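Welcome, and please open the model in your viewer. We will go through it stop by stop, selecting one part at a time.

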Amino acid sequence: MSDEARLLAELHAARALMRVPVSQPGQAARPRHAALWAHANREPGSPVDLTVVRAIRSDPETARRYRTLLGAQSLAHTPLAAAASDGALTQRRVGPFELEILEGTPPLLILRGPDAPMPRRIEAWLGDEAVRLELGAPVDGAILLALDPAVAEADRLGRMLRDPACAVFLL
């Protein structure tokens, strides 16, 4: 994504965030923009603010704001896989990137993209379940990630990516 396009996406995200209404009496307070931004920029495996996570999972407006932030800073994202898909997926396009799951022991996630900066992280959302993993360095224009069933988050990512309703953010 060019610097101009990224700046424009960040401006749109900031404008949408500024329109968030103030919480009403008796309603749980929504996380501030800084808290959502910190959560969106966290490193995989780092501690999380449980109040932010709870708000994202329980409040649709907070979840929308968080996904707007993720979309603004991601290299590519997709809210759903192919609309005409039926059954489990083994391939999907996310912007200019192609994700493919090769079945085996263990299954492998292969991420291919253009001759441009490759993503460093992947975040997937399915319903209120989310997983974020660090991606390795590309080798010959592709990133490989083992979706080992012995590693809970990698296994969950593989399961989520096979579902057409899964939203994917490449950061």
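Begin with the whole protein chain, and keep in mind that this is a predicted model. The surface it exposes comes to about 9,500 Å², with carbon and sulfur atoms supplying 58% of it. Of its 171 residues, 38% count as buried. If you look at contacts between residues at least 6 apart in sequence, 62% join residues at least 24 apart.

**Stop 1: the cartoon view**

Switch to a cartoon and you will find 5 helices and 8 strands in the protein chain. Travelling from the N terminus, you meet them in the order α-α-α-α-β-β-β-β-β-β-β-α-β.

**Stop 2: helix α2 and its partners**

Select residues 33-40, which form α2, and then add residues 60-73, which form α4. How do these two helices meet? Their axes come within 10 Å and cross at roughly 55°. That angle makes α2 oblique to α4, and the crossing is right-handed. To see the contact itself, show the side chains of H33, L36, W37, H39 and A40 on α2, together with T62, R65, Y66, L69, L70 and Q73 on α4.

Keep α2 in view and now select α3, residues 50-58. Here too the axes come within 10 Å, and they cross at roughly 95°. Because of that angle, α2 counts as roughly perpendicular to α3. On the α2 side, the contact is made by A35, L36 and H39; on the α3 side, look for V52, V53 and I56.

**Stop 3: the open sheet**

Next, select β2, β3, β4 and β7, which form an open sheet of 4 strands in the order β2-β3-β4-β7, with antiparallel pairing. Which strands stand at the edges? They are β2 (91-94) and β7 (142-146), and each has a single partner strand, so one side of each is left without a neighbour in the sheet. Turn the view along the sheet to look at its twist, which averages 20° from one strand to the next.

Zoom in on β4 (residues 108-112) beside β7: these two pair in the antiparallel sense over 5 bridges. For one example, pick L109, whose bridge partner in β7 is L145.

**Stop 4: the helix on the sheet**

Finally, add helix α5, residues 152-161, which packs on the sheet. This helix touches β2, β3 (97-102), β4 and β7. Compare directions as you rotate the view: α5 makes an angle of about 110° with β3.

How values were computed: Residues numbered from 1 in each chain as written. Predicted model: local features only at pLDDT ≥ 70, side-chain atom pairs only at ≥ 80, totals over all residues. Heavy atoms only, no water. Buried < 20%, exposed > 50% of the residue type's maximum accessible area, 1.4 Å probe, protein only. Contact = heavy atoms within 4.5 Å. Areas by Shrake-Rupley, 256 points an atom, 1.4 Å probe, with all protein chains shown as cover. Pairing = 2+ DSSP bridges. Axes fitted to C-alpha atoms, helices over the stretch in contact; angles between N-to-C directions. Parallel < 35°, antiparallel > 145°, perpendicular 65-115°, else oblique. Left-handed = near helix turned anticlockwise from the far one by under 90°.
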